[in-house]
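Below is a short report on one strand, its pairing partners and the loop that follows. Please keep the sequence and the structure in view while reading.

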Amino acid sequence: MLKDKLVLLVDDEPAILSATPGGIAGQGFTVQAVGGAEDALRLMQSLKPSIVVSDLVIARTNGSSSSRP
């Protein structure tokens with residue numbers, strides 16, 4: 001039942017992108033991991049994931065560490 005549920009994982013930290021999908025997939029989900037907001041937005045339109053798990057601060061997007069005071 002979960003195998004048809006797609007989780008889109010979005011994070012700009014390579015360590016998170018390499019470590020996290022295995023744990024999510026181990027729970028029966030299919031996982032697509034991407035490293036940026038632009039890729040995530042594109043994939044959300046085409047793949048229509050069931051769940052999006054995202055870092056709150058991603059470089060080169062609104063709210064990134066580069067725009068903090």
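**Pairing with β3 and β2**

In this predicted model, strand β1 pairs with strand β3 (residues 51–54) in the parallel sense, over 4 bridges. Within β3, Val-52 is the bridge partner of Leu-8.

Strand β2 (residues 30–34) also pairs with β1 in the parallel sense, here over 5 bridges. Leu-9 of β1 stands opposite Ala-33 in β2. Together with helix α1 (residues 14–25), β1 and β2 make a β-α-β unit, and this unit is right-handed.

**Burial of β1**

Strand β1 spans residues 6–10, and 5 of its 5 residues are buried. Both faces of the strand are covered. One side carries Leu-6, Leu-8 and Val-10, and the other carries Val-7 and Leu-9; all are buried. Leu-8, the residue bridged to Val-52 of β3, and Leu-9, the residue opposite Ala-33 of β2, therefore belong to opposite sides of β1.**Asp-11 in the loop after β1**

Asp-11 is placed in the loop between β1 and α1. Is this residue buried or exposed? Asp-11 counts as buried because its relative accessibility is 9%, and the cut-off for buried is under 20%.

A polar atom of the Asp-11 side chain lies 2.8 Å from the backbone nitrogen of Glu-13. Leaving aside neighbours within four places in sequence, Asp-11 is in contact with Ile-16, Leu-17, Val-34, Gly-35 and Asp-55. Among these, Ile-16 and Leu-17 fall within the residue range of α1, and Val-34 falls within that of β2.

Definitions and conventions:
Residues are numbered from 1 along each chain as its sequence is written. This is a predicted model: local features need pLDDT of at least 70, side-chain atom pairs count only at pLDDT 80 or more; totals for chains, interfaces and linings use all residues. Side-chain values use heavy atoms; hydrogens and water are left out. Buried means under 20% relative accessible area, exposed over 50%, partly exposed in between (1.4 Å probe, protein chains only). Helices (H or I, at least four residues) and strands (E, at least two) are DSSP runs, numbered from the N terminus. Two strands pair if DSSP finds at least two bridges between them. A crossover is right-handed if, with the strands pointing away from the viewer, the path from the first strand over the helix to the second runs clockwise. A polar contact is a pair of N or O atoms within 3.5 Å; within protein, one must be able to donate a hydrogen and the other to accept it, and residues adjacent in sequence count only if both atoms are side-chain atoms. Contact means heavy atoms within 4.5 Å.
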